[in-house]
Amino acid sequence: MSRIRIILLILVLTTLSLNACAPTAAPTEAPVTTKAPEPTKVSEPIKELEPTKEIVEPTEIPIVAKDTLIIAQSVDPHWLNPYDPTAPYLTIMTQICEPLIFWSMDADGNAYIKKHLATDYRWLDETTIQFDLREGIFFSNGEPLNSEAAKVSIELLFSSLNYSQWLEGLLDHVQIVDDNTITIFLTKPSAIVESVLAWGSQMIAPKDYAERGYDEMVLSPVGTGPYIFKEHVADDHVTLVVNPTYWGGTPRFKEVIIRTIPDETARVAALEAGEIDIATFIPLSAVSRIEGNPDLEVRSVPGTRQFATHFATYNPKGEPLKDVRVRLALNYAVDRAGMCEQIFEGRCTPMAGQYLVNTQFGYNPNLEMYPYDPEKAKELLAEAGYSNGFEVDHTYTVGRYPLDKQAGEAISSYLRAVGLTVNEMAVDYPEWARQFEATQSTALYTVGFNFGQEGLLCLNSYLPGVRFRTSEVPSAFDVAVTDAGKTLDQAERIKLMQDAMIAINEEPIAIYLYSLDDLYGVQKWVEGFKPRPDQSIRLYEWAID
């Protein structure tokens, strides 16, 4: 170790020793509108690290936890809207605003709904669900978590554009039963509501919301979570600081920084340099290098993000796609299993002739993957009157996930091989989203959607009049999914969803591709972190002592 580095380390250790006796102060940056009553449970202040008694070489220093956790992801949030279900936003926002209930996993990796700010909930009948709230909890600005806060939050969820494909027109009203009990009355039976609440039932401070308004609230929300918003530097980072009166225990980190590093190579380099502690979506090319680093490891989970090449039959060049034989032909034209092996090195699961993946409720295990059969694809195209193919535009997103450009190029090549003239366009996700919302999608567009573990959230997004329905869809699918959304009997609901999968196997609504394993590069000292299949990181699951 150099003389300069030894001197610097001595200075740091001396500073730690001097500061160890200082009380932990509440962050001055946290918005405060009222004085907090004394909570029923106050977390112990995080203890400072004791200085080592002697200086040793870095290879001999044991791995210890740090006060700051730095996570790097590819997307910078343009807001911190508690009711935006996009995974990179959830990773930031759920540290601040906690949900009533949320999707979790058991030791075997099976998804289940876990209670959090709600101590219990129950269906009173097929249109009425009631929640009991934890008592004695306060928002970081001092407001109590009570039925009024839950009512305001639930009403915002049901009116959110981001959840409109599932919840629009479903809320009749929210009734306050007492200070810690609310009842949600629906306009009609909907089994999907429970699943949506497990995605988006984040609680916000109602007085803060009333004073600042929606536009300000989504930039710096106030919640009950283990962390408080400090700052957001666009396209660079978001900083969160510990909530000193967090109800759920002692947060392990005093500060959490979520950095935006769009380039996957740069994320890995930052991880290797020790600049970040968790790197999301690491490229396959870096796996062996990370695994060979004694300070790092790769942690992975089969993802629920469903990649597909969707059909937009409203586009003039999508006219041929209205013929089911053409849609079947394109599914036979693409070697999804080959893509998984050759592009993604086997860390990928081909879709089995359906749009759900095998980790989602409603997946049909009796269906099989369309075989790669370009000759059959050509025959079907000829039967449909396109023996010489047709011209089509294909847009695919790049920059969100490793190798998405290579995948998009491969799909275009497969389609050209069966006679299509393909004009391919690679765009970043925001540009694709702009095109989609403006109803300007090209006839083919490849993108990955993540609807979480509940398959009904996915399927409901393709019902008539819902925003993701851009293809011809068989009526049997509509009937099965609609009926599945009405029943609270889980076995019956799964059977109906599996029937829906049979319908869109026979009459596909997209080229069903694959789901990818989500790969994270992690500093070994970060204990307890296990990737979630919905790609969000929630510290209250593993970083609270």
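**Figure 1. Contacts of Ser515 in strand β18 of the predicted model.** Once its neighbours within four places in sequence are set aside, Ser515 is in contact with Gly303, Arg305, Cys348, Thr349 and Val357. Ser515 belongs to strand β18, which covers residues 510-523. Because its relative accessibility is 4%, below the 20% limit, Ser515 counts as buried.

**Figure 2. The protein chain as a whole, as context for the close-up views.** In this predicted model, the secondary structure of the protein chain comprises 17 helices and 18 strands. The protein chain has 545 residues, of which 55% count as buried, and it exposes about 22700 Å², with carbon and sulfur atoms supplying 51% of that area. Among contacts in the protein chain with a separation of 6 or more, 72% are made by residues 24 or more positions apart.

**Figure 3. Helix α5 and its buried residues.** Helix α5 runs over residues 192-200, and 8 of its 9 residues are buried, so the helix is largely enclosed by the rest of the structure. The buried residues of α5 are Ile192, Val193, Ser195 and Val196, together with Leu197, Ala198, Trp199 and Gly200.

**Figure 4. The second largest pocket and the elements that line it.** The volume of the second largest pocket is about 960 Å³, and 36 residues form its lining, with Thr86, Tyr89, Arg400, Tyr429 and Ala433 lying nearest its centre. Two or more lining residues are given by each of the elements α2 (87-93), α4 (164-167), α14 (429-437) and β17 (444-450). Helix α14 provides the largest share of this lining, namely 6 residues. By residue class, the lining of the second largest pocket divides into 18 nonpolar, 9 polar and 9 charged residues.

**Figure 5. The aromatic pair of Trp432 and Phe449.** A search of the whole structure finds 28 aromatic pairs. In the pair of Trp432 and Phe449, the ring centres are 5.8 Å apart and the planes stand at 55 degrees, so the pair is tilted. The two residues are 17 residues apart, with Trp432 in helix α14 and Phe449 in strand β17, and the pair thereby links distant parts of the chain. Trp432 counts as buried because its relative accessibility is 3%, and Phe449 likewise counts as buried, with a relative accessibility of 6%.

**Figure 6. Two residues with positive phi, Glu345 and Gln535.** Although Glu345 is not a glycine, it has a positive phi of about 55 degrees; Glu345 is found in the loop between α11 (336-342) and β14 (348-350). With a relative accessibility of 52%, over the 50% limit, Glu345 counts as exposed. Gln535 is also not a glycine, and its phi is positive at about 75 degrees. The place of Gln535 is in the segment after β18, and Gln535 counts as buried because its relative accessibility is 7%.

**Figure 7. The largest cavity and its lining.** A search of the whole structure finds 7 cavities of 30 Å³ or more, and the largest cavity has a volume of about 160 Å³. Of the 15 residues that line the largest cavity, Pro402, Leu516, Asp517, Asp518 and Leu519 lie nearest its centre. The elements that give two or more residues to this lining are β13 (305-311) and β18, and the largest share, 4 residues, comes from β18. The lining of the largest cavity divides into 9 nonpolar, 2 polar and 4 charged residues.

**Figure 8. The second largest cavity and its lining.** About 90 Å³ of space lies in the second largest cavity, whose lining is formed by 15 residues, with Phe307, Asp404, Ala407, Thr446 and Tyr514 nearest its centre. At least two lining residues are supplied by each of β15 (391-398), α13 (404-417), β17 and β18. Helix α13 gives the most to the lining of the second largest cavity, with 4 residues. The lining residues of the second largest cavity divide into 10 nonpolar, 4 polar and 1 charged.

Methods
Residues numbered from 1 in each chain as written. Predicted model: local features only at pLDDT ≥ 70, side-chain atom pairs only at ≥ 80, totals over all residues. Heavy atoms only, no water. Buried < 20%, exposed > 50% of the residue type's maximum accessible area, 1.4 Å probe, protein only. Contact = heavy atoms within 4.5 Å. Areas by Shrake-Rupley, 256 points an atom, 1.4 Å probe, with all protein chains shown as cover. 1 Å grid on protein atoms, 1.4 Å probe; cavity = no way out; pocket = protein on both sides within 12 Å on 5 of 7 lines; lining within 4 Å. Points joined across faces, edges and corners; volume = space filled by probe spheres on them. Nonpolar A, V, L, I, M, F, W, Y, C, P; charged D, E, K, R; others polar. Phe/Tyr/Trp six-rings, centres within 6.5 Å; stacked < 30°, edge-to-face > 60°.
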